Amino acid sequence: MNLMNKNVGFMLLEAMVALAILSIGIVTVMQSFSSALRVSKSGYNSTIATFLAQSKLSDLEREDSWTKENLSGDFGKAYPNFKWEAEVSPVELDKLIPENLRTRNIEEEEERVGEENKQEVNLLNLTVSWVERGAKEEAVFATFINAKKQ
């Protein structure tokens, strides 16, 4: 009879070990969910920054506001955590094409096009920044803009 009693049910030690293993598993799963939420939020913010940058680059180019002095701001009440800053610099077209790929030399090109018809191009770098988990994040976007002669 004593032999039959030993095989029935769990001992306290077995139950504690099972509970410890179960607890470790639950903690691991919860950490995975937390990590997935952080990555999802980060991806969401990056996507929002990309769409905001595309919109701002379009606005700057369309309104010629990239020629103004103040090239920074925010995106209004809809996106209060996002800010933007732009920097414009002139680009020498001759330096964009490597020398070994040029079909004409610079003098021939200037004679053909003429100095007054030569295109001026600017590089517009737009930085969109936001705060995520207490740290500043940013994404930089660049485009070339044809400088219109007045």
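Here is a walk through this model, from confidence to core to surface.

Keep in mind that the structure is predicted. Mean pLDDT for the protein comes out at 81, with 77% of the residues reaching 70 or more. Confidence varies by element: helix α1 (residues 2-7) sits at the bottom with a mean of 56, while strand β1 (residues 72-74) has the highest, at 91.

Now for the inside. Nonpolar side chains tend to be buried together in soluble globular proteins. Here, the largest nonpolar core has 20 residues, and the ones touching the most other members are L60, F82, A86, L126 and V128. Two or more residues each come from α2, β2 (83-91), β3 and β4. Helix α2 is the top contributor, giving six. To get a feel for the packing, pick L60 and skip its neighbours within four places in sequence: what is L60 in contact with? The list is S65, W66, W84, A86, L124 and L126, and two of the names on it, A86 and L126, also appear among the core members that touch the most others.

Not every nonpolar side chain is tucked away, though. L19, L22, I26, V29, M30 and F33 make a nonpolar patch on the surface, together offering about 620 Å² of accessible area. Take L19, which lies in helix α2 (residues 12-62). Its relative accessibility is 52%, so L19 counts as exposed, the cut-off being over 50%.

One last stop is the loop between β3 (120-132) and β4 (135-147), where you'll find R133. R133 isn't a glycine, yet its phi is positive, at about 55°. R133 also counts as exposed, because its relative accessibility is 62%.

Note on methods:
Residues numbered from 1 in each chain as written. Predicted model: local features only at pLDDT ≥ 70, side-chain atom pairs only at ≥ 80, totals over all residues. Heavy atoms only, no water. Patch = residues over 30% accessible without salt bridge, like charges linked within 9 Å, V, L, I, M, F, W, Y side chains within 5 Å. Areas by Shrake-Rupley, 256 points an atom, 1.4 Å probe, with all protein chains shown as cover. Salt bridge = Lys/Arg side-chain N within 4 Å of Asp/Glu carboxyl O. Helix = DSSP H or I, 4+ residues; strand = E, 2+ residues; numbered from the N terminus. Buried < 20%, exposed > 50% of the residue type's maximum accessible area, 1.4 Å probe, protein only. pLDDT = per-residue confidence, 0-100. Core = buried A, V, L, I, M, F, W, Y, C linked by side-chain atoms within 4.5 Å. Contact = heavy atoms within 4.5 Å.
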